[in-house]
Amino acid sequence: MMELVTNCTRRISRLACLVCIGVLLAALIPGCNLSPREPLPVFGTVEIPYTFTDQDGKPINQKMLSGRIYVADFFFTTCPTICPIMKTQMLRIYEAYRDSDQLVLVSHSIDPEHDTVEALHDYGSRLGISAQRWHLVTGIKDEIYDTAKRYGLAALEDKNAAGGFIHSGSFSLVDRQGRIRGYYQGTDTHEVDTLIQDIRRLLDEG
Amino acid sequence: MNTERPIRAAALALCAAVLITAVAGCSGDTGTAEGYLNNCSPCHGRDGEGLRSLYPPLKDSAYLSQQLDQLPCLLVNGIASPFGSTDSTPRMRMPSFAHLSSDDLYAVIAYLSATWGTAGKTVSRQEVEAWLSECR
């Protein structure tokens, strides 16, 4: 009888441990997911009829970006609230695909009067980033605000907001055909984890 | 049987580790951290680590040790960006926190001083008031 009871508890605890290991493995290795994944949704094609200038003074336009996967966002260098957090998250994406020339990042300044090429150059070198892989761009203000709309991201000037501007903290993911494939909250580590995985999926789409 | 024990021990250890991290992640911040988290952490980081060369770390800042008396007015004045001026190398701007009440400033300073300041030194309300009178 005693034997039976211990056998039973032993079996239960073994089962519990197996379950626990299973859960742990599933959590640790998302790549093990065996079910075939749906392709990422398509939120429409972006047309950007403007040319901006990056921190190295190089022109950046749609023609240069086509055929590449890229992440777009809007910020300004003196932003006191969410931008530094967005830049911390953008750095994670930058580091995750450091060696891939298939992915570029494009951060648009919504305060182009202050954020001149010189100011963006200083900002970029403080972040320690390469202008080939991560463009910090400035340009004509109305064109930048219109571009934000085209990416499905909002930006507007508001004297009452901290720093003088209100803008979306989201990142847009654009594929090689210039189609938006996802929106991610740029201040949320988990959403940026998903973005990093989704970039891999776009790279695999070929 | 012999091989089973170590496996079970390892699994238990793993489970325990997972539980401990989960519980540690749940423990809330104390009220005093609030002012820091709302006003300063976007730039200086949750743990005062800074962001590369954009925003300096606060952990080892002299403003939390020898220059603590200058911290209140640094926050009230902010640090201006000399872009456009011809002198000095460009610096990043730190906004002014003049809009914060003396209570709020005291809460932030007390938190910083207790968290990363010189060990054992607590800052009093009166001291901060006196330092603030230099610029208010």
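For residue classes on this tour, Ala, Val, Leu, Ile, Met, Phe, Trp, Tyr, Cys and Pro count as nonpolar, Asp, Glu, Lys and Arg as charged, and the others, Gly among them, as polar. This is a predicted model, in which local features need pLDDT of at least 70, side-chain atom pairs count only at pLDDT 80 or more, and totals for chains, interfaces and linings use all residues. Residues are numbered from 1 along each chain as its sequence is written, chains are lettered from A and ligands numbered from 1 in the order in which they are written, and side-chain values use heavy atoms, with hydrogens and water left out.

**Stop 1: chain A as a whole**

Select chain A and colour by secondary structure: you should find six helices and nine strands (DSSP runs numbered from the N terminus, helices being H or I of at least four residues and strands E of at least two). Of its 206 residues, 46% count as buried (buried is under 20% relative accessible area, exposed over 50%, partly exposed in between, with a 1.4 Å probe and protein chains only). Among contacts in chain A with a separation of 6 or more, 73% join residues 24 or more positions apart; contact means heavy atoms within 4.5 Å. Switch on the surface, and carbon and sulfur atoms hold 58% of an accessible area of about 10400 Å² (Shrake-Rupley method, 1.4 Å probe; for residues, only the protein chains shown count as cover).

**Stop 2: T187(A)**

Now pick T187(A), in the loop between β9 (180–185) and α6 (189–205) of chain A. T187(A) has a relative accessible area of 29%, so it is partly exposed. Beyond its neighbours within four places in sequence, show I82(A), I85(A), M86(A) and G169(A), which T187(A) contacts. For a distance label, try Y145(A): its C-alpha atom is 21 Å from that of T187(A), with the two positions 42 residues apart along the chain.

**Stop 3: the second largest pocket**

Keep I85(A) selected and add S41(B), P42(B), G45(B) and R46(B); these lie nearest the centre of the second largest pocket, which 15 residues line. On a 1 Å grid over the protein atoms alone, a pocket is an open set of points where a 1.4 Å probe fits, with protein on both sides within 12 Å along at least five of seven lines; lining residues have an atom within 4 Å of a point. The space here is about 310 Å³, a volume being that filled by probe spheres set on the points, which are joined across faces, edges and corners. Helix α3 (83–96) of chain A and α3 of chain B each supply at least two lining residues, and α3(A) has the largest share with four. By class, the lining has six nonpolar, six polar and three charged residues.

**Stop 4: the largest pocket**

Move on to the largest pocket, with about 510 Å³ of space. Select H44(B), P56(B), L58(B), I79(B) and M94(B), the closest to its centre among 27 lining residues. Helices α3 (41–44), α4 (71–77) and α5 (102–116) of chain B each give two or more residues to this lining, and α4(B) gives the most, three. The lining has 20 nonpolar, four polar and three charged residues.

**Stop 5: R52(B)**

Next, select R52(B), in the loop between α3 and α4 of chain B. Most residues other than glycine have a negative phi. R52(B), not a glycine, has a positive phi of about 40°. With 42% relative accessibility, R52(B) counts as partly exposed.

**Stop 6: helix α6 of chain B**

Finish on residues 125–132 of chain B, helix α6, where V128(B), W131(B) and L132(B) are buried. Looking down the axis of α6(B), the buried residues fall within an arc of 100°, so they line one face of the helix; the arc is that of the directions from the helix axis to the C-beta atoms. Show α4 and α5 of chain B too, as they are among what covers these buried residues.
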